[in-house]
Amino acid sequence: MSIIRTENLGKVYKGGTTALNGLDLEVHPGEVFGFLGPNGAGKSTTIQLLLNFIRPTAGTAFLFDGPVTCTKSRQRLGYLPESVNLQTYYTGQRLLEFHAGLFGIEPGVRARRAMELLELVGLLEAAGKSVSQYSKGMLQRLGLAQALINDPELLILDEPTSNLDPVGRRDFREILLEHRARGKTVFICSHILSEVESVCDRVAILKRGVLNRVGTMEELSGAKGFKIVARDLPAAAIDALSTSAARVTLHGKNATITCGDEEVRDEVERVLRESAVVIEHVEAETQSLEEIFFGAIDRKAES
Ligand SMILES: Nc1ncnc2c1ncn2[C@@H]1O[C@H](COP(=O)(O)OP(=O)(O)O)[C@@H](O)[C@H]1O
Ligand SMILES: [Mg+2]
């Protein structure tokens with residue numbers, strides 16, 4: 001079973017902009033999935049296709065293994081849009097009660113549900129305040145509460161922390177992890193890399209409408225290879241290594257050997273063992289999500 005699946009999904013807007021091109025994606029139950037990409041990459045377009053707000057010009061999208069046109073799936077998901085657009089004439093509490101009503105939650109339960117969620121997102125004190133007086137950060141918190149009102153199996157968040165301060169971001173992260181701990185799935189679009197890195201089980205990187213990378217943080221960060229540090233290399237070992245695919249940097253008789261993958265690392269270790277060389281240490285060189293991200297979108301990470 002998959003929670004979200006797309007097959008060759010594409011969108012060309014009227015006017016000719018190709019926002020999404022041949023997207024194949026699968027999101028599994030119980031994972032927090034990060035959908036990353038710079039502005040204009042096609043993240044919000046993907047979400048709108050999943051929600052059936054717009055129609056694809058190619059391919060198909062599925063929610064809970066059914067077509068996105070099936071209205072029942074809407075009952076099972078929660079959505080926090082990029083710019084939160086809530087009815088401002090309500091108080092926070094009334095607004096949530098109203099949305100609880102839309103989901104068919106019993107009148108007697110609505111008030112309690114609203115207050116629980118206001119507490120969860122840190123808005124209990126603003127419960128009786130008009131939504132028109134909420135700050136941007138408060139609106140984003142209220143938007144999250146609204147998206148959680150039906151305790152959704154799938155929570156879709158579009159740039160959810162853009163208006164939040166660091167405390168707000170930490171609160172959001174905790175709420176998402178708690179949601180996952182209860183077996184729910186979260187699909188989160190973001191360009192804030194550090195946020196996603198700390199919360200997502202898997203990430204996909206979108207570049208100009210095309211999926212560039214997808215995998216667990218471990219899979220994506222394993223890409224850089226291995227570094228072996230060895231001491232007292234005899235000339236024969238240096239010769240042998242010079243014909244291998246590894247890159248050898250000598251410091252006197254000591255060497256730092258960079259291996260692109262596990263195969264090269266195994267080969268280097270064999271050569272060194274045959275020459276009875278002391279291997280000081282072997283370490284996996286990992287990339288931060290930032291390096292992966294900038295690598296994927298062809299821009300240098302600024303240090
Ligand atoms: N309604 C629309 N009509 C025409 N072009 C659009 C529309 N919405 C988005 N686009 C274009 O599609 C591309 C992807 O946009 P979007 O999905 O919003 O990206 P992201 O959410 O990753 O920033 C951009 O080039 C954007 O200008
Ligand atoms: Mg967007």
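In this predicted model, helix α1 (residues 43-50) lies across four strands, β3, β7 (154-158), β8 (185-190) and β9, and runs at about 145 degrees to β7. Helix α6 (residues 166-181) also packs on the sheet, where it touches β3, β7 and β8. The direction of α6 makes about 150 degrees with that of β8.

The sheet beneath this description is worth a closer look. It is open and has 6 strands, in the order β6-β7-β8-β3-β9-β10, with mixed pairing. Its edges are formed by β6 (77-80) and β10 (210-216), each of which pairs on one side only. On average, neighbouring strands are turned by 15 degrees against each other, direction ignored. Within the sheet, β3 (residues 32-36) and β9 (residues 202-207) are paired in the parallel sense over 4 bridges; here L36 has I205 of β9 as its bridge partner.

Two loop residues invite a look at the backbone torsions. Most residues other than glycine have a negative phi. F64, however, has a positive phi of about 50 degrees and is found in the loop between β4 (58-63) and β5 (66-67). E159, in the loop between β7 and α6, likewise has a positive phi, near 45 degrees. As for their surroundings, F64 counts as partly exposed because it has 19 C-beta neighbours inside 10 Å. E159 has 20 other C-beta atoms within 10 Å and is therefore buried, the cut-off for that class being 20 or more.

At the level of the whole chain, the protein is divided into domain 1 (4-217) and domain 2 (226-284). The C-alpha centres of these two domains lie 48 Å apart.

How values were computed: Residues are numbered from 1 along each chain as its sequence is written. Chains are lettered from A and ligands numbered from 1 in the order in which they are written. This is a predicted model: local features need pLDDT of at least 70, side-chain atom pairs count only at pLDDT 80 or more; totals for chains, interfaces and linings use all residues. Domain bounds come from an automatic or database domain assignment. Two strands pair if DSSP finds at least two bridges between them. Axes are lines fitted to C-alpha atoms, for helices over the stretch in contact, and angles run from 0 to 180 degrees between N-to-C directions. Two residues are in contact if their C-beta atoms, placed from the backbone, lie within 7 Å. A residue is buried if 20 or more other C-beta atoms lie within 10 Å of its own, exposed if 12 or fewer, and partly exposed in between; C-beta atoms are placed from the backbone.
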